[in-house]
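Me: I am new to this structure and should be grateful for a close look at one part of it. Please describe the salt bridges and the charged residues that take part in them.

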Amino acid sequence: MRYSRMFLPTGREVPSDAEVVSHQLMIRAGMIRKLTSGIYNYLPLGYRVVRKVEQIIREEMNRAGAQELFMPMVQPADLWRESGRWSLYGKELLRFRDRRDSECCLGPTHEEVITDIVRNEVKSYRQLPLNLYQIQIKFRDEIRPRFGVMRCREFAMKDAYSFDADEEGAEASYRKMFEAYERIFTRCGLRFRAVEADSGSIGGSFSHEFLVIADSGEDAMVFCERCGYAANLEKAEIARPEETPLDEGAFLPLEEVHTPEVRTIEEVCAFLSVRPQDVIKTLVFSADGKPAAVLIRGDEEVNEIKVKNFLGCDVLEMAMDDMIVQVAGSPRGFVGPIGISCPVYADYSVMNRLNMVAGANREDYHVKNVNFGRDFPKPVFADLRAVREGDSCPRCGKEIRFARGIEVGHVFKLGTKYSAPMKAHFLDRDGKERPMVMGCYGIGVGRTVAACIEQNHDRDGIIWPMSIAPYQVIVTPVNVNEAPLREAAEKVYEALAERGVEAILDDRDERAGVKFKDADLIGIPLRVTVGPKRLAEGKVEIRERRTGAVTVVEIDKAADELARMINEAMPVT
């Protein structure tokens, strides 16, 4: 491609509304332009990168035995009602009525549609296992689109869905997809970790997120360098401590204390001269409309995702004031476990604790020396708190480390969450009707591109991995008005084309410095510089974008040397 004919509107200024590096550089490098909030046009350079990522995805999905199809973006509400998600999915689901007054939505994902396809066509175990995928546009009406294509409303996603006859088959399908994802992100030149994750609105029993390591990442993760355990903060586990019988002889008398307008942990500690770890926080939740109390140590934070999963509810919210008064008899800030009229669950952090401080279930009062077993029934203990610095690995006990990452892929074990309510059944070997066991596997294509930039850039611009670079080489004559330089550059460019190398010939009548700046900005991995000094020797310079290393080669050997360098730079899986 000749640069003079390219639609490539680069820029020097950092856009004022671009918060992260990938957003800034994608605009400056002429890859994207904003249409409206959270919706972007991909310009030719950006779309070439997208297509490279899509091709890697297709190759690895096909290699893993999946088959590509294409499903509509518009979905009927009736399917979502069958799965039960129409009333559960939040405002990110864009609902509308068509001219026939039928309720529809723009698909944020396609579990319902694929389940409908398969239930109508697959009737026997002989037709299983099955894995179908697509690369298609999704729409999620994010309340606050940000970070360019990293968190936008309309985006391209690869979503795949597996169907198996039993859990053993589903586990095998999950493993194949997990390994395919490792190959995909390795081929894209990314440094990533697969972490245990919560399944969120997709549902299912188990999932992993694939996170690209980046300081700008929205997602926090924990990992263990000794045993390899990794999880995002929502899922990160706390090991159950060894439970020891409480020494009832050490119980101090229960003491009620007047604490006027003392509601927060900080205020309680200051008023009673105690430490936060000596206080029990009692949090009342509404779980599918029913109250439940969670006890946690005062210096810890509850993890609502863990609470939701532990209770097995669809909707978990902090209880409103009227529900709190109903179960505790007191307003928020003075709630405690003694006499509360709802189920009580406790985080491991209050296990083995003696003589704690808690709300008295009486306005403006707290109680000291609270002990379970004596003052209230022993609760059910569970891992309900957020992991924090200094915690130990739940697998091997070594201190865990924290990092930030960008989610680019997610794999789910769905089980029968969709197949059972939507009656996606098959006949097994014994002629018995059973629901198919499903899995779901997604990759955000644009997010992968943006995450790659977050990991691969410097002060001058993008540094593309060879495998997804929009072009592999840029040939730059320092002055196109000098015929020998122009002709030598043409010769190298044509030789590269003959070898199937994707190259740009920068034939613009611009200063050499401008051309070099643009080449660095758009991140082309290899630059061939054709200048008068080297050309007089019959040679050209090859500069590597990532390292800045320069190699001088004879002009007739340049194309072969570039092809070799490209081949060596491709990741091996």
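**Salt bridges and charged residues**

Reply: In this predicted model, the count of salt bridges comes to 56. One of them joins the side chains of Glu225 and Arg401, with an N to O distance of 2.3 Å. This pair links distant parts of the chain, 176 residues apart: Glu225 lies in the loop between β11 (219–223) and β12 (230–232), and Arg401 belongs to strand β21 (residues 401–415). Arg401 counts as partly exposed because its relative accessibility is 42%, and partly exposed covers the range between under 20%, which is buried, and over 50%, which is exposed.

A further salt bridge is formed by the side chains of Arg332 and Asp321, at 2.8 Å from N to O. Here the partners are 11 residues apart, with Asp321 in helix α8 and Arg332 in the loop between α8 (321–328) and β17 (344–347). Arg332 is partly exposed at 37% relative accessibility, and Asp321 is partly exposed at 48%.

The side chains of Glu561 and Arg564 also meet in a salt bridge, at 2.5 Å from N to O. Both residues lie in helix α13 (residues 558–569), and because they are 3 residues apart, about one helical turn separates them. Arg564 has a relative accessibility of 37%, so it counts as partly exposed. Salt bridges with shared partners also join Arg297, Asp299, Glu300, Arg385, Arg388 and Asp391 into one network.

Charged residues also gather in a surface patch of negative charge, made up of Glu261, Glu266, Glu267 and Glu363. Within this patch, Glu363 is placed in the loop between β18 (356–359) and β19 (365–370). Glu363 counts as partly exposed, at 43% relative accessibility.

Note on methods
Residues numbered from 1 in each chain as written. Predicted model: local features only at pLDDT ≥ 70, side-chain atom pairs only at ≥ 80, totals over all residues. Heavy atoms only, no water. Patch = residues over 30% accessible without salt bridge, like charges linked within 9 Å, V, L, I, M, F, W, Y side chains within 5 Å. Areas by Shrake-Rupley, 256 points an atom, 1.4 Å probe, with all protein chains shown as cover. Salt bridge = Lys/Arg side-chain N within 4 Å of Asp/Glu carboxyl O. Lys, Arg positive; Asp, Glu negative; His and termini not counted. Charge placed at Lys NZ, Arg CZ, Asp CG, Glu CD. Helix = DSSP H or I, 4+ residues; strand = E, 2+ residues; numbered from the N terminus. Buried < 20%, exposed > 50% of the residue type's maximum accessible area, 1.4 Å probe, protein only.
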